[in-house]
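Good morning, colleagues. I should like to take a few minutes on the charged side chains of one protein model and on the elements around them.

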Amino acid sequence: MGYRLHHYNHFLPISRTPFSNPFPPLFSFPFINRVWCGSQSGKNQAQMEQIVVNGSELSQVVVDDSNLLQKKISAIRLAGPAKLQVIADFDATLTKYWVDGCRGQSSHNVLQQEDPEYNDKRQKLYEYYHPLEFDPAIPLDEKTKLMEEWWGKTHALLIEGGVTYNGIQNSVAKATVAFRDGVTELFELLEEKGVPVLIFSAGLADIIEEVLKQKFHRSFKNVRIVSNRMVFDENGRLHSFKGKMIHVLNKNEHALDMAVPVHDRCDDMNGLGDEKSALKKRTNVLLLGDHIGDLGMSDGLDYETRISVGFLNDRVENSLESYQKAFDILYLNDASMHGVVKLASHLCLTESN
């Protein structure tokens, strides 16, 4: 007996007999309470887990194919952390969708230009194009053109209206942006295990770097950023963007040439060629994103096993069906990163551990 999920903020009654232990111990959450739900749609049956982290934060996890997920977990663990890399989106994936009751700012929206007229123009572009980004009725090829149009107009306004590096620092200091609970623990775990993290973002690399510096107050040697990078003139003003424009539907490992390390010497590119070659040999992937288009971030990598984790932060009822089919694991309603930390810890376990 199962119940289809209609309201996403309450536990649902369910007979636990068919799903008494959907995941073996490799994917257990000893610190949470859990209720398993099944829903029937045609011949496909989905399992659903609702979790309470630390007894206070209510969130949901959707797993469409638990058997396939367990096989992937086992394969990645068998290969070991030396074969693993993490690919993560930034806005609304590593960062919270909601911050203190307000919509968290993206790395584009964080930046405030000196002339408020240009901020207003960029906001109007956001209000027009953002709903189109998540409209499931728009075909992918048409949506790609719309995103290219949006990003091109936004970058043109940034150049025309003027941006300085000091302005970036001040904008970030005043920004409504926060990392999900658990992101620090995730980065620390992956650094300890020697697992590289590639942050792919359609936003602004310079903003992301500054957010990492101001929020973490430390550096992570294993973290790289692949995003739109600004080029400043001799007076410290933005005059162009480096390389190919990266938007929400084309960010992937083909753009690794734009990757820059996030550590004390961000301009030190020595050895990055060797690192990129080494990344190609890490053929197991843990991918984190909040958009179905984020699944393309691993394009260009000939991976053996990939576990995709999605964050469906808003408009859950409209997108649940497509998202749960697209991602191996789906977190709902702006969940924390604690479940991912637990998963990453399992993936990095070895015989010696």
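**Salt bridges and a helix contact**

Asp334 and Arg180 are both buried. Please bear in mind that the model is a predicted one. The side chains of these two residues, Asp334 and Arg180, form a salt bridge with an N to O distance of 2.9 Å. Asp334 sits in the loop between strand 13 and helix 10, and Arg180 in the loop between helix 5 and helix 6, so that 154 residues separate them.

In total, the structure contains 11 salt bridges. Another of them joins Asp206 to Arg229, with the closest N and O atoms 3.9 Å apart. Because Asp206 belongs to helix 7 and Arg229 to strand 8, this pair ties together parts 23 residues apart in sequence. Asp206 and Arg229 are both buried as well.

How does the pair of Asp181 and Lys96 stand, buried or partly exposed? Asp181 is partly exposed at 42% relative accessibility, and Lys96 is partly exposed at 27%. Their side chains meet in a salt bridge at 3.9 Å, N to O. In addition, Asp89, Lys251 and Asp294 are linked in a salt-bridge network.

I turn next to Asp328, in the loop between helix 9 and strand 13. Its relative accessibility is 11%, so Asp328 counts as buried. The Asp328 side chain makes a polar contact with the side chain of Lys72 at 3.0 Å, and a polar atom of that Asp328 side chain lies 2.9 Å from the backbone nitrogen of Ser308.

Finally, the axes of helix 1 and helix 10 come within 8 Å and cross at roughly 50°; the two helices are therefore oblique to each other. Ile73, Ile76 and Arg77 of helix 1 meet Leu343, His346 and Leu347 of helix 10. Thank you.

Terms used: Residues are numbered from 1 along each chain as its sequence is written. This is a predicted model: local features need pLDDT of at least 70, side-chain atom pairs count only at pLDDT 80 or more; totals for chains, interfaces and linings use all residues. Side-chain values use heavy atoms; hydrogens and water are left out. Axes are lines fitted to C-alpha atoms, for helices over the stretch in contact, and angles run from 0 to 180 degrees between N-to-C directions. Helices (H or I, at least four residues) and strands (E, at least two) are DSSP runs, numbered from the N terminus. Angles under 35 degrees count as roughly parallel, over 145 as roughly antiparallel, 65 to 115 as roughly perpendicular and the rest as oblique. Contact means heavy atoms within 4.5 Å. Buried means under 20% relative accessible area, exposed over 50%, partly exposed in between (1.4 Å probe, protein chains only). A polar contact is a pair of N or O atoms within 3.5 Å; within protein, one must be able to donate a hydrogen and the other to accept it, and residues adjacent in sequence count only if both atoms are side-chain atoms. A salt bridge is a side-chain nitrogen of Lys or Arg within 4 Å of a carboxyl oxygen of Asp or Glu.
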